[in-house]
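User: Please take a close look at the buried interior of the chain shown below. I should like one connected account that also relates the interior to its surroundings.

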Amino acid sequence: MALEMRERCERCETAELPPDAPARICSYECTFCVPCTEAMQGICPNCGGELVPRPRRVRKDDH
């Protein structure tokens, strides 16, 4: 089962988060940009879980 790679920060809704960009994610796949995560002290506002670095996906043509 693959992670849903959301393309925008759920808090500011302006930060674009392509699959190879740094982002933070909780166990429910809520996704935030790094500045918003820092402002929220690394805690997901939806579930209260820890926000951790989201794995990056490399585009297939980059291999």
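Analyst: Of the 63 residues of the chain, 32% count as buried; the model is a predicted one. The largest nonpolar core has twelve residues, namely C9, A15, L17, A23, C26, C30, F32, C33, C36, M40, C44 and L51. In general terms, nonpolar side chains of soluble globular proteins tend to be buried together.

Within this core, F32 is a suitable place to begin. Apart from neighbours within four places in sequence, F32 is in contact with C9, E10, R11, L17, A23, R24, T37, M40, C44, P45, N46 and L51. Several of these partners are themselves in the core, among them C9, L17, A23, M40, C44 and L51. Others carry polar or charged side chains, including E10, R11, R24, T37 and N46.

One of these partners, T37, lies in helix α1, which covers residues 34-39. T37 counts as buried because its relative accessible area is 6%, under the 20% limit. Beyond four places in sequence, T37 touches R24, F32, G42 and L51. Two of these, F32 and L51, are members of the core.

The secondary structure around these residues consists of one helix and three strands. From the N terminus on, the order of the elements is β-β-α-β. The three strands form an open, antiparallel sheet in the order β2-β1-β3. The edge strands, each pairing on one side only, are β2 (31-32) and β3. F32 thus belongs to a residue range assigned to an edge strand. Strand β1 (residues 24-25) is joined to β3 by two bridges, and the two strands run antiparallel. In that pairing, R24 stands opposite P53 of β3. R24 also appears among the contacts of both F32 and T37.

The cysteines deserve separate attention, since C9, C26, C30, C33, C36 and C44 are all listed in the core. A search of the whole structure nevertheless finds zero disulfides. For C33, the closest cysteine sulfur belongs to C36 and lies 3.5 Å away, which is too far for a bond because a disulfide requires sulfur atoms within 2.5 Å. C33 is buried, as its relative accessibility is 7%. For C12, the closest cysteine sulfur is that of C9, at 3.8 Å, and this too is too far for a bond. C12 is partly exposed, with a relative accessible area of 29%.

The surroundings of the interior include charged pairs. The structure holds three salt bridges. E4 and R6 form one of them, with an N to O distance of 3.3 Å. E10 and R6 form another, at 2.5 Å from N to O. E4, R6 and E10 are accordingly linked in a network of salt bridges. E4 is partly exposed at 43% relative accessible area, R6 is partly exposed at 23%, and E10 is partly exposed at 31%. E10 also connects this network with the interior, being in contact with F32. The side chains of R8 and E16 meet in a salt bridge as well, at 3.9 Å from N to O. Here R8 is partly exposed with a relative accessible area of 41%, whereas E16 is exposed at 59%.

R56 offers a contrast with the buried residues. R56 is placed in the segment after β3 (52-53). Its relative accessible area is 53%, so R56 counts as exposed. R56 and C36, a member of the core, are 20 residues apart in sequence and 18 Å apart in space, C-alpha to C-alpha. Setting aside residues up to four places away in sequence, R56 touches P19, D20, A21 and P22.

The overall dimensions complete the account. The C-alpha trace spans about 35 × 25 × 15 Å along its principal axes. The radius of gyration is 12 Å, which agrees with the value near 11 Å for a compact globule of 63 residues. Among contacts with a separation of 6 or more, 44% are between residues 24 or more positions apart.

Key: Residues numbered from 1 in each chain as written. Predicted model: local features only at pLDDT ≥ 70, side-chain atom pairs only at ≥ 80, totals over all residues. Heavy atoms only, no water. Helix = DSSP H or I, 4+ residues; strand = E, 2+ residues; numbered from the N terminus. Buried < 20%, exposed > 50% of the residue type's maximum accessible area, 1.4 Å probe, protein only. Contact = heavy atoms within 4.5 Å. Core = buried A, V, L, I, M, F, W, Y, C linked by side-chain atoms within 4.5 Å. Pairing = 2+ DSSP bridges. Salt bridge = Lys/Arg side-chain N within 4 Å of Asp/Glu carboxyl O. Rg over C-alpha atoms; globule rule 2.2 N^0.38 Å.
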